Amino acid sequence: MTSKSLYFNLIREDLKRRVWTISLMMLSFVIALPIFTMLRLARMKEAINNTSLLEAQKYFAKISNTNNIGLLMTIAISGAIICAMSGFFYLYSKSKVDSYHSIPVKREKLFFTIYINGIFIYVIPYLINLLLYFIIGAANGLLTGYAFTGAFEALLINLTGYLLVYSITIIAVMLTGNLIVGLMGTTVFLLYGPAIIVLKNAICETFFHTYYATEGVSDNIIYVSPIFAYVNLVTLAGKKGFGMFFIGVFIVAALAVVAGIFLYKLRPSEAAGKSMAFYQTQAVIKILIVIPVAIVGGLLFMSMSESNSFGWTIFGILFVGFLSHGIIEIIYNSDFKSIVANKLQLVICIVISLGIAGAAKEDIFQYDSYLPDKGKIESMGVSFDNLESNYEYYDFENEYPNSYQKYPYVYHTTYRLDHMNITDLSMVYPLVEYAIANNVNRIDYSQIDNSINYISFTVKYTLKNKKETYRNYTVKFDDALEYINSLYADENYKNGVYQIFSMDKNIINSVSYYNLVEGMDETLKLTREQMNEFLSIYENELRNLTATEMVESFPVTQISLEIGENDSYVVQNYYIYPSFADTIKYMESIGANLDSVIDADNIQSIIITNYTDGKLDENNITIEKPVTNEYVFTNKEDIEKITKALILDRFTNGMKYNIDLNYNYVVDIQYKYTVNNTDRAYLVIDKLSEDIRSKIQ
Amino acid sequence: MIEAVNVSKSFRNIKAVDDISATIKEGTVFGLIGTNGAGKSTFLRMACGVLKPDHGEISIDGLPVYENEEAKSKIFYISDDQYFFANATSNDMKNYYKSFYSKFDSVRFDELMKKFELDPNRKINTFSKGMKKQVSILCGVCANTEYLFCDETFDGLDPVVRQAVKSIFANDMEERKLTPVIASHNLRELEDICDHVGLLHKGGILLSKDLEEMKFNIHKIQCVLKNENDEEVLYHKLDILKTEKRGSLITITARGTQVEIVDVISQLNPLFHEILPLSLEEIFISETEVVGYDIKKLIF
């Protein structure tokens with residue numbers, strides 16, 4: 001028989017056996033593409049009438065492209081697992097193996113035909129239903145080139161994701177001997193990596209006081225799980241880095257195929273029906289599962305115990321370690337008595353698990369006191385949790401297409417640490433040395449004294465060998481202020497904290513400020529040149545801002561930068577402090593009202609709510625209940641007196657120090673203009689007149 | 001010719017086949033005898049390329065069989081639990097095997113299906129155990145391979161079908177030099193079909209001999225002696241394996257050629273003597289005793 005006809009015969013005969021898989025895949029795609037399109041047709045026609053044909057066409061295109069890919073991804077992932085398991089399912093049965101392996105066909109040919117059929121089973125129903133989807137689109141005038149290219153781009157990405165999951169699931173099948181263990185193996189292959197990363201984070205969170213979970217830690221998930229790699233491929237579609245990642249995924253899928261063939265050739269036929277195909281792998285796989293599971297058990301028991309005692313961690317490791325080891329042995333041997341088999345391996349698992357937990361608890365690797373030598377550090381970055389709280393950050397390099405929010409939001413710590421390169425270590429090193437020596441144990445909350453202000457901050461060390469390390473510390477604010485003032489004198493620190501310094505000013509659409517007197521935002525009427533001049537003055541004064549001024553004073557007002565276009569933009573707010581004399585002068589010169597007291601004529605009423613804390617005795621039993629009293633002021637005279645003592649909530653963001661602001665008095669201002677135009681504020685009790693003070697106390 | 005040289009196979013700590021060397025000549029019916037767990041199926045699964053021996057090698061006509069398409073195309077393996085695809089009919093199986101065995105005789109398959117009164121379009125999973133065996137045998141015979149490996153294939157067949165299958169084998173051996181290799185735990189099943197028998201025990205091969213050769217040295221005779229005292233002389237002169245006496249009729253199973261035994265009896269001037277056919281079981285009693293085993297403990 002010629003090789004060509006043999007392959008054809010093999011493919012044909014295998015497809016005959018897999019009609020149910022083909023039907024299932026066809027059904028899934030029929031639902032995901034033509035039926036889903038038909039269901040949404042009414043909405044698209046509505047869009048044509050109410051908005052525009054373009055909007056309807058965009059909506060139509062979204063059904064098959066990467067914008068709305070959840071359903072297609074689900075089909076790809078579940079389809080890949082089903083095709084891999086069903087294609088090689090015969091390996092789990094002795095009689096089937098005898099039948100397949102006795103025919104005069106080499107194993108690699110069998111593998112190849114089944115593998116190829118697995119691709120056909122996915123791609124052909126996908127293409128048929130894409131065609132139906134295009135026909136529906138064309139018949140309704142919704143089909144565009146954009147929809148066409150988007151659909152085929154999604155097909156390419158989905159096929160690559162499918163191949164990755166499919167090929168790796170096949171490896172799991174090759175390593176196992178029955179369906180249950182095969183499914184468990186598939187789960188391990190698809191999710192073991194993320195589970196280990198999550199566990200590592202949990203251990204660090206539990207035992208290390210200075211641990212900071214960077215986004216980079218979770219970024220690694222895309223390299224250790226085929227499913228997350230596939231998700232990342234979809235996320236990267238049309239963006240920078242897609243090509244490289246796509247090639248990487250493709251190479252991994254190809255390597256998985258080679259590994260699959262290799263394992264198939266090595267796999268003994270007698271493995272059918274057993275738990276694992278290769279006896280030698282049993283112990284390795286068991287140990288790799290039992291150790292993390294035992295540690296999870298330890299952490300779980302520790303978190304469930306009221307005392308948070310490490311004794312419970314040890315118990316959890318022993319208990320869960322024994323159970324998980326026993327369950328795996330039962331699965332391996334299909335015999336309940338095997339729960340106590342391989343005691344030496346059980347002891348090894350328990351000892352390693354206890355070792356990891358013990359090493360983390362005792363910090364034998366000195367994680368919390370880590371401080372690289374100055375000579376090894378290229379730069380450092382510092383981000384305080386509650387110091388510059390008013391600021392939001394955006395990625396101006398990327399834009400969201402067709403979105404009201406033009407630029408992606410970036411988490412403040414991430415932005416600052418990524419953009420702050422402090423090379424003058426004398427500004428920051430002493431702060432970290434102090435923090436290591438005086439770090440408040442965040443895990444032991446008994447150390448926290450409510451009467452003291454604490455500040456937490458994250459430090460990023462970029463070493464000369466390009467390694468990046470992160471630590472998080474909590475210290476007393478009184479002591480830290482001196483160090484923070486030093487940092488504030490560093491240009492690089494401010495470059496990292498205030499995005500306005502690095503921003504292209506041409507993307508700013510308008511600048512507004514908060515008119516405190518009127519209680520509303522007002523746009524500054526500035527030409528482009530004036531805007532640049534104004535922002536330049538502001539930046540100069542922001543450069544000279546000290547940490548002490550920031551925490552010991554309240555802003556005069558805030559300016560809001562509208563960045564983007566009228567229908568797609570983001571807003572960044574910046575405070576103007578009393579020392580920003582030139583900025584204030586410029587604003588006043590163009591008509592801005594920067595008075596610090598709200599015009600009483602604009603206020604309908606003021607409600608002051610006084611929250612009095614309750615009291616507990618030594619045994620945490622309430623001896624005095626918390627009390628809430630509400631006082632309503634509508635009289636203009638009273639309102640005028642109160643407004644002189646008000647600090648608007650929007651100006652109290654961030655750490656405040658040496659300020660007599662009483663947060664137990666919450667003030668709600670009701671303006672006259674509209675029913676819903678309200679504002680929240682707090683009281684500086686010292687500035688409050690005696691009669692009002694006596695009314696509310 | 002199938003040649004196994006020092007073949008061993010273990011399943012973890014269980015030695016299924018232990019250093020077996022054997023030769024199966026083409027054109028003969030080879031019977032592989034042994035108790036459950038003796039290693040018959042393991043040997044056959046290695047011989048057809050399903051299992052890879054841990055040590056040693058099995059070759060078919062000089063070609064190593066494992067992962068060798070050319071060698072495997074000479075074999076059709078009927079396992080003790082032959083697999084048929086879900087909802088497959090006999091015709092489906094015919095078409096399946098036709099794809100891989102280039103000499104598969106579809107016409108003969110259809111004819112034989114008729115002769116065996118099996119509906120080729122009926123789903124096999126609705127067949128009885130014996131009918132399924134028949135389908136697998138017909139697939140195997142019609143594959144037209146040089147070697148046909150049957151693992152407990154005759155178990156479950158009724159005597160008529162068994163006889164029909166035996167005659168098909170005889171015909172194919174005559175016409176195209178088919179070499180059936182039949183594994184069974186039942187000696188009686190192989191009695192009238194095997195030319196050569198290999199006895200497996202605990203993974204090892206106890207003996208492998210031609211039946212004719214074995215029959216040459218063991219005989220069963222019935223006789224009636226004139227004088228009762230001659231009995232002692234007879235027992236003394238012959239290498240007796242078994243005696244049975246009913247009245248004056250003595251039945252003896254003894255070692256020796258037919259001429260030697262008849263000569264001894266004739267010297268005693270018996271009133272009557274006759275050579276009786278020996279069962280395979282009786283032959284094996286003799287042969288296994290030679291190598292120091294009690295066959296009754298091994299097989300029966």
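**Note on a predicted two-chain model**

1. The contact between the chains draws 20 residues from chain A and 21 residues from chain B; two residues are in contact if their C-beta atoms, placed from the backbone, lie within 7 Å. On the side of chain A that touches chain B, the elements giving two or more residues are helix H1 (3–17) and helix H5 (94–102) of chain A. H5(A) provides the largest share of that side, seven residues. Sorted by class, the side of chain A that touches chain B has seven nonpolar, six polar and seven charged residues. Here Ala, Val, Leu, Ile, Met, Phe, Trp, Tyr, Cys and Pro count as nonpolar, Asp, Glu, Lys and Arg as charged, and the others, Gly among them, as polar.

2. The basis of the description should be stated early. This is a predicted model, in which local features need pLDDT of at least 70 and side-chain atom pairs count only at pLDDT 80 or more, while totals for chains, interfaces and linings use all residues. Residues are numbered from 1 along each chain as its sequence is written, and chains are lettered from A and ligands numbered from 1 in the order in which they are written. Helices (H or I, at least four residues) and strands (E, at least two) are DSSP runs, numbered from the N terminus.

3. Chain A is assigned domain 1 (3–140 + 154–268), domain 2 (278–368), domain 3 (374–500), domain 4 (503–589) and domain 5 (600–696); such bounds come from an automatic or database domain assignment. Taken over C-alpha atoms, the centres of domain 1 of chain A and domain 4 of chain A are separated by 51 Å. Chain B is divided into domain 1 (2–210) and domain 2 (217–298), and the centres of these domains of chain B, taken over C-alpha atoms, are separated by 36 Å.

4. Two UniProt annotations, from unreviewed entries, deserve mention. The annotation "domain: ABC transporter" covers residues 2–227 of chain B, a span that is 33% helix and 30% strand, with its end C-alpha atoms 54 Å apart. The annotation "domain: DUF6449" covers residues 461–569 of chain A; over these residues the chain is 38% helix and 30% strand, and the end C-alpha atoms lie 34 Å apart. UniProt positions are given in the numbering used here, feature names are shortened, and annotations may be inferred rather than shown by experiment.

5. In chain A, helix H4 (residues 70–87) packs against helix H7 (residues 145–175) at an angle of about 30°, with the axes 8 Å apart. Axes are lines fitted to C-alpha atoms, for helices over the stretch in contact, and angles run from 0 to 180 degrees between N-to-C directions. The crossing of H4(A) and H7(A) is right-handed (the near helix is turned clockwise from the far one by less than a right angle). Residues of H4(A) in this contact include Leu72(A), Ala76(A) and Ala80(A), and those of H7(A) include Gly161(A), Val165(A) and Thr169(A). The residues of the contact of H4(A) with H7(A) divide into 15 nonpolar, four polar and no charged.

6. Which strands of chain B stand at the edges of the open sheet S2-S1-S4-S5? This sheet of four strands has antiparallel pairing, where two strands pair if DSSP finds at least two bridges between them. Strand S2 (14–24) and strand S5 (63–64) of chain B stand at the edges, each with a single partner strand, so one side of each has no neighbour in the sheet. S5(B) pairs with strand S4 (residues 55–60) of chain B over two bridges, and Ile60(B) stands opposite Leu63(B) in S5(B).

7. Chain B also has an open sheet of six strands, in the order S6-S7-S8-S3-S9-S10, with mixed pairing. Its edges are strand S6 (75–78) and S10 of chain B; each has a single partner strand, so one side of each is left without a neighbour in the sheet. The twist from one strand to the next averages 15°. At one edge, S6(B) runs parallel to strand S7 (residues 147–151) of chain B and is joined to it by four bridges; Tyr77(B) has Phe149(B) in S7(B) as its bridge partner.

8. Strand S9 (residues 196–201) and strand S10 (residues 204–210) of chain B run antiparallel and are joined by six bridges. Gly198(B) stands opposite Ser208(B) in S10(B). Two residues lie between the strands of this hairpin, in which Lys202(B) takes a positive phi near 50°.
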